[in-house]
Amino acid sequence: MSNAATTTAETAAPAIAPPMGMLAELTHRCPLQCPYCSNPVELERRSDELDTATWQRVLREAAELGVLQVHLSGGEPAARRDLVELVRTCAEVGLYSNLITAGVNITPEKLRELYDAGLDHVQLSFQGATAEVTEQVSNLPGAHARKRAFAGEVRALGLPLTVNAVIHRANIHQIDDFVELALALDARRLEIAHAQYYGWALVNRAALMPRRGQVMEAIDRVEAARQRLQGRLTIDAVVPDYYARLPKPCMNGWGRQSLNITPSGRGLPCHAAETIPGLEFWNVREHSVAEIWQQSPAFNAFRGTDFLPDACQSCERREIDWGGCRCQALMMTGDATQMDPVCEMSPYHDDIQQLAIIDAERDEPFRYRRFERRRPDRVRQPASETSD
């Protein structure tokens, strides 16, 4: 080998490991109006969504890249008429498919079609452990009963079921009830995930933020349930950042293990990455999934830890939490390269904790998407149930 070739080989950038998972946000259309929704305030239009052939190409490219599992999400993915075709493509290329759904607009016949197409797993959201709370949060009468019926249909087919509960002030008192609900529905897994304040959820933060004492009690109840049900029900928990002492490894590090594709085809390192100004997001209409993962400016903006401030460079957690959340750092400090203010070493740590205390004491009503379009005496038929 020539000296020039040797030099090139020695200085080449290390290969980027392929992502384990891909979040395929098929649409932003949804029959629910959850105040904690972390989708953007301005939702992407149906007319901008990728067509079936493009999504199928994206799925094939993801499999070729080395992605193992695809989370079919939204909005509500069942608002797409081609959902069965997309599930079938996942099965054909060897991708494990997880359907993330509200479960209110999938008929037993459509679920059977999804099962026959090769669907591997269903993740079903519950806004409350009781009908009263589910319907208060989702703003959809009858939603709870439809969800429970759908869960029964999922398990009757033998599909594994995860129950997902986003926790906030209106339902944090129902931790034990969510556990019992998951057991009653024969779920294999329960995800207790405290609200993350991005997109529409940020608009509702003062209506959603629980008090510190409520959070600590909820954490204790989750741990007690884990111990009691070990081997019977897996319980995953995502604690609220604002009361934490150390940041979580958001997305297990920026551009390290997963990627998102938006309904219109933009490739994102995380769900909220577009809140950071100045990043260049490549689109699958012009670039392959591999090109986006390996070369996109947005993905490479915060990979590794070199961008972090000096205080982080000597921290033993540097490659455990990867500096925490970039979006949260920007939101609280104005600089996405700062350490996550959740970290107790951050000069902004007290600010974020005080903000949580202030918001938790505010008595704000929920703000629903498009709520002003409803007449108080009439429930609007959800768009995704009448069209795709």
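Modeller: Before we start, contact here means heavy atoms within 4.5 Å. This is a predicted model, where local features need pLDDT of at least 70, side-chain atom pairs count only at pLDDT 80 or more, and totals for chains, interfaces and linings use all residues. Residues are numbered from 1 along each chain as its sequence is written, and side-chain values use heavy atoms, with hydrogens and water left out.

Biologist: Okay, which residues is Cys37 in contact with, leaving aside its neighbours within four places in sequence?

Modeller: Cys37 is on UniProt's "binding site" list, from an unreviewed entry, along with Cys30 and Cys34; such annotations may be inferred rather than shown by experiment. Skip the neighbours within four places in sequence, and what Cys37 touches is Tyr198, Gly199, Trp200, Ala201 and Arg369.

Biologist: And Cys34, is that buried or exposed?

Modeller: Cys34 lies in the loop between β1 (21-25) and α2 (52-65). Buried means under 20% relative accessible area, exposed over 50%, and partly exposed in between (1.4 Å probe, protein chains only). Cys34 has a relative accessible area of 9%, so Cys34 is buried.

Biologist: Which helix gives the most to the largest nonpolar core?

Modeller: A nonpolar core is a set of buried Ala, Val, Leu, Ile, Met, Phe, Trp, Tyr and Cys residues joined through side-chain atoms within 4.5 Å. The largest has 91 residues, with Met22, Val70 and Ile192 making the most contacts inside it. Helices are DSSP runs (H or I, at least four residues), numbered from the N terminus. The one giving the most to this core, with six residues, is α7 (residues 175-184).

Note on methods
Helices (H or I, at least four residues) and strands (E, at least two) are DSSP runs, numbered from the N terminus.
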